Amino acid sequence: MKKDLLKQLVTASSVSGDEEEVRQILKEELAGVADEISYDGLGSFIARKGSSGPKIALVSHMDEVGFIVKHISQEGFIYFDTVGSFWSQSLLNHRVQIRTEDGSKVLGVIGSVAPHALSESEKQKPADIAQMFIDIGADSYEAVLKKGVNIGDFITPEANFAALSDDRILGKALDNRAGCALMVELFKAFENTDATLYGVSTVQEEVGLRGAQTSVQKIEPDIAIILDTLVAGDTPNINAIHFPLKLGGGAGIPLFDKRYLAHKKLTRAFKTLAEKLEVPLQFCTLKTGATDGGRYNVMASGRPVIAFTLPTRYLHANSSMISIYDCDATKELVATFINTYNTSTHEKISQF
């Protein structure tokens, strides 16, 4: 995986409902490669290459979990709602950036109470998100407005990206900028004249797979391959039976989540291909969470869908971690599959 593209995507702000920065990066990356670039009615990005044979959709989501300004106090403190899911204990004292109407960024911090001012019982209680606030160094309501911050502005953790080693990447919003980067690289590597490829990055996945529902209806693909992330269970205090994916273990395939079941023939085809290429695969099932596969599988008349999820540590926090090896394993496997897919293959996959 190209780290420069990933860094550019990771450091962009793209909370659900405010995805313009990532959408623009994707447009610039694929404008000279795609035969056509279009958008659905919610703003999901759709690039097309080719015009014959079965239609393959490579689907990532461009939005990230974040926050939205809900109230500004007379003293200049900013209260917020979460957009997507967060664990309250991962928020306090984190630096954040508020994206204003004109696209500028205002730095702040989610305030915390010093331990000196807490009783012993208060120290044992998790903080309530509803009571949290952001401090941007303003001393009044008017001072906040003067900095360009208004109710409805979107907020992300402060942009950060670091290569901890040749293999491990730490950064904001790897869910799902890693999937977006994979989609771009796979789209550029597609050279199959016997199929049509759609490179899709959806909006508002983190708040209900909304862009998946609108984009799939726009392009009506024959099959879909989802590119996303999922919890890695290789750190302390996580049940590895429930979350078996590991960093460095290869491409990950969830076989079941609360909105999707991996298509059996697609799964079998990828298993066979992985054995041939000697690419390691990891599998998991989960009762909570979902990917855009949970819309691409059922909308209109439905279609075969499989998801590839990169094992990721510290999801939905200010920084998470992935393995470049897992990215490259996924890329090799999916690139080989889409570059050899044709009408004959699709008939075998799609017929019951």
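Where is Tyr314 found? In this predicted model, Tyr314 sits in the loop between strand S17 (305-312) and strand S18 (320-323). The backbone there has a positive phi of about 65°, although Tyr314 is not a glycine. Tyr314 is partly exposed, because its relative accessible area is 43% and partly exposed residues lie between the 20% and 50% cut-offs.

Asn93 also lies in a loop, the one between strand S5 (77-83) and S6. Asn93 is not a glycine, yet its phi is positive, at about 70°.

Strand S6 spans residues 95-99 and pairs with S7 in the antiparallel sense. Five bridges link the two strands. Within this pairing, Arg95 has Val109 of S7 as its bridge partner. S6 and S7 form a hairpin, with five residues between them. The turn contains Gly103, whose phi is positive, at about 90°.

Strand S7 covers residues 105-110 and has two faces. Val106, Gly108 and Ile110 make up the covered face. Lys105, Leu107 and Val109 make up the uncovered one. Val109, the bridge partner of Arg95, thus belongs to the uncovered face.

S7 also pairs with strand S8 (residues 134-135). This pairing is antiparallel too, over two bridges. Here Ile110 stands opposite Ile134 of S8. Ile110 is one of the residues on the covered face of S7.

A further backbone feature occurs in helix H5, residues 174-189, where Asn176 is found. The peptide bond joining Asp175 and Asn176 is cis. Its omega is about 10°.

Definitions and conventions. Residues are numbered from 1 along each chain as its sequence is written. This is a predicted model: local features need pLDDT of at least 70, side-chain atom pairs count only at pLDDT 80 or more; totals for chains, interfaces and linings use all residues. Side-chain values use heavy atoms; hydrogens and water are left out. Buried means under 20% relative accessible area, exposed over 50%, partly exposed in between (1.4 Å probe, protein chains only). Helices (H or I, at least four residues) and strands (E, at least two) are DSSP runs, numbered from the N terminus. Two strands pair if DSSP finds at least two bridges between them.
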